[in-house]
Amino acid sequence: MVEFLQQMINGIALGSIYALIALGYTMVYGILGLINFAHGDIYMVGAFAGYFAMTLFKWGIVPSFIFSMLVCALLGVSIERFAYKPLRNAPRIAVLTTAIGVSFLLENLGVIFWTPTPRAFPQVIPLKIYQGIYERFGVIINNRQIVIVSISIALMILLQFIVNRTKIGMAMRAVSSDRETAWMMGVNIDHVISFTFAIGSMLAAAGGVLVGIYFNRIDPLMGVMPGIKAFVAAVLGGIGIIPGAMVGGFILGIAEILVSAFIASSYRDAIAFAILILILLVRPSGIFGTAAREKV
Amino acid sequence: MSLLRLNDVMVAFGGLLAVSNFDLNVEDRELIGLIGPNGAGKTTIFNVITGFHTPVRGSVIFSGVDITGKLPNYIAKLGISRTFQNIRLFQNLTVLENVMIGSQIHSRISYIHSLLRTSYFYREEFKIEKNAMKALELVGLERLRDEIAKNLPYGDQRKLEIARAIATEPRLILLDEPAAGMNPRETDELMNMIKFLRNELNLTILLIEHDMHVVMNICERVIVLNYGEIIAEGAPDEIKSKPEVLEAYLGSVAVG
């Protein structure tokens, strides 16, 4: 039981990061109907931006965090502007292929400029284990886990606020519901799309920096697996549905940790694909999705 | 003064000619009916005026500005709004939010303001909501403001579309089959509302409608389209008896 509880805690910490990345996938899908396969690599760039802010500029954690988010916002908006926007009226498969191309581009630029060798992320938050909790409950919780989960949840609450309580959020929901009508009602859909990419990329950047803090190592291909897993999380929750991505992210993180703890750690990546296959067979629209509604 | 002018407009989809040789001149505060069999090109005309389709030939001039090929959001800001034949509300937004999407059109509020919540933002926000409520009151939906749009009964959804269109403060409003699916009582309400829009709000109205009772009672001028071309034009009473109109609607059998 204690062991299970311990793994749940680890799973929630990992899941909160998947949730942050999954949100970007789901928001972009909601607005454009596009799976932005470059999203996992934006997360990677976020981790590197944070790394360089801390090591080169010797900035503290908060400015590095903000710097990383701004860099990725700019990157996400530029990718949309230069790679996806010219294809907005092209067949979906063209945009999808482009997204995969952008993903390879970012990964390989990373390999060229930053070398494929993993780097140690600065230990900006000294590790602290809460001894009292360990003595009473037998589970180990460290301060990094608490930082990761609380920052993630704070960002998700902020996102919910933006989407549901602000004008731009309202415009995002309108564009997601019916882009053409929103356009004819005077909504500047280019702004809305750019904004969506900016917000989604900022969340991914936050995820990148948090992962750096948590696992202490980053490399140019670190976005590949988490990108795929976060995509599965978004599908699991119901792609295009924001709370679905959050729930899906946590489920996936917890499932991965439980599988590697109680079955075999070599299955930790396989579980994501098993979940994807299962959800596509049983409930393709996802946990929160309504069945068979083709959204364009 | 002429408010809207379409000159020799031609629209084609691939090899299919949807509209051709289309000329239209709409005076300020006119109420014009656009009728014709299904597939005659009526909605295509609306799509051209709102910038959703670009004509392959011809031009669209609105209040002195050439809007041919301009983007829909720009055209909407200039003062043209519309409703849709197959209702197109923002399904998961509330009634009020649907209308606020329309009423935020003239707000100069930037997304930065909206995120930073400046005092300017609150003033603008208040104005947007007030205008939206005014539009809702006009169609009598103010009590349903927090309802999710897709849960409204059919007739109310049609009214909500009109409210959303009015909220953009247009000078010209294009109504695409607003009476479709309405019962006689709702249709009467609708006719009063359209008259109100014209007489009290001074809007210019272009109306596509299959319900002849509506067209004949409220329109001053009727344009009949068939196969993408104008086949007749005139006052409702003149139109009714024209043989080419009867033929388009009923086939070439003379009706006694």
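These exercises, with worked solutions, cover salt bridges, one chain interface, one domain interface and one helix residue in a predicted model.

**Exercise 1. A salt bridge between chains**

Task: Find the partner of A:D178 in a salt bridge, then place both residues in their elements.

Solution.
Step 1. Start with the pair. A:D178 forms a salt bridge with B:R88. Their closest N and O atoms are 2.9 Å apart, and the cut-off is 4 Å.
Step 2. Place the residues. A:D178 sits in the loop between helix 7 (167–177) and helix 8 (179–184) of chain A, and B:R88 in the loop between strand 6 (80–82) and helix 3 (95–103) of chain B, so the pair joins two chains.
Step 3. Check accessibility. A:D178 has a relative accessible area of 11%, so A:D178 is buried, the limit being under 20%.
Step 4. Set the pair in context. A search of the whole structure gives 23 salt bridges over all chains.

**Exercise 2. The arginine at B:R145**

Task: Identify the acidic partners of B:R145 and decide whether each residue is buried, partly exposed or exposed.

Solution.
Step 1. Take B:E129. Its side chain meets that of B:R145 in a salt bridge, at 3.3 Å from N to O.
Step 2. Locate this pair. B:E129 belongs to helix 5 (residues 119–139) of chain B, whereas B:R145 lies in the loop between helix 5 and helix 6 (154–167) of chain B. The two are 16 residues apart, and the pair links distant parts of the chain.
Step 3. Take B:D146. This residue also forms a salt bridge with B:R145, with the closest N and O atoms 3.7 Å apart.
Step 4. Classify. B:E129, at 28% relative accessible area, is partly exposed. B:R145, at 26%, is partly exposed. B:D146 reaches 56% and counts as exposed.

**Exercise 3. A network in chain A**

Task: Which residues does a network of salt bridges link with A:K85?

Solution.
Step 1. Read off the members. The network links A:E80, A:K85, A:R88 and A:D190.
Step 2. Recall the principle. Side chains of opposite charge can pair when their charged atoms come close.

**Exercise 4. The interface of chains A and B**

Task: Describe how chain B meets chain A by contacts, area, polar links and composition.

Solution.
Step 1. Count contacts. On chain B, 30 residues are in contact with 26 residues of chain A.
Step 2. Give the area. About 2600 Å² is buried between the two chains, with 65% from carbon and sulfur atoms.
Step 3. List the polar links. There are 4 salt bridges between chain B and chain A. B:E125 and A:K167 form a salt bridge, with closest N and O atoms 2.5 Å apart. Polar contact between the chains involves 7 residue pairs.
Step 4. Name the elements. Helix 2 (72–78), strand 6, helix 3, helix 4 (111–116) and helix 5 of chain B each give two or more residues to the side that touches chain A.
Step 5. Sort by class. That side of chain B has 14 nonpolar, 9 polar and 7 charged residues.

**Exercise 5. Two domains of chain B**

Task: Define the domains of chain B and analyse the interface between domain 1 and domain 2.

Solution.
Step 1. Set the bounds. Domain 1 of chain B covers 1–79 + 170–256, and domain 2 covers 93–167.
Step 2. Give the separation. Their centres, taken over C-alpha atoms, are 27 Å apart.
Step 3. Count contacts. In domain 1 of chain B, 18 residues are in contact with 11 residues of domain 2.
Step 4. Give the area. The two domains bury about 1200 Å², and carbon and sulfur atoms give 75% of this. B:K77, B:M182 and B:M193 supply 34% of the area that domain 1 buries against domain 2, more than any other three residues.
Step 5. Add polar links. The interface has 1 salt bridge and 3 residue pairs in polar contact.
Step 6. Find the elements. Helix 2, strand 7 (172–176) and helix 7 (184–199) of chain B each give two or more residues to the domain 1 side. Helix 7 of chain B has the largest share, with 6 residues.
Step 7. Sort by class. The domain 1 side has 12 nonpolar, 1 polar and 5 charged residues.

**Exercise 6. A threonine in helix 9**

Task: Is A:T196 buried or exposed, and what does A:T196 touch?

Solution.
Step 1. Locate the residue. A:T196 is in helix 9 (residues 189–215) of chain A.
Step 2. Judge accessibility. At 1% relative accessible area, A:T196 is buried.
Step 3. Find a backbone partner. A polar side-chain atom of A:T196 lies 2.7 Å from the backbone oxygen of A:V192.
Step 4. List neighbours. Leaving out residues up to four places away in sequence, A:T196 touches A:M27, A:V28, A:I31 and A:M172.

Note on methods: Residues are numbered from 1 along each chain as its sequence is written. Chains are lettered from A and ligands numbered from 1 in the order in which they are written. This is a predicted model: local features need pLDDT of at least 70, side-chain atom pairs count only at pLDDT 80 or more; totals for chains, interfaces and linings use all residues. Side-chain values use heavy atoms; hydrogens and water are left out. Helices (H or I, at least four residues) and strands (E, at least two) are DSSP runs, numbered from the N terminus. Buried means under 20% relative accessible area, exposed over 50%, partly exposed in between (1.4 Å probe, protein chains only). Contact means heavy atoms within 4.5 Å. Buried area is the accessible area (1.4 Å probe) that two parts lose on being put together, summed over both. A polar contact is a pair of N or O atoms within 3.5 Å; within protein, one must be able to donate a hydrogen and the other to accept it, and residues adjacent in sequence count only if both atoms are side-chain atoms. Ala, Val, Leu, Ile, Met, Phe, Trp, Tyr, Cys and Pro count as nonpolar, Asp, Glu, Lys and Arg as charged, and the others, Gly among them, as polar. Domain bounds come from an automatic or database domain assignment.
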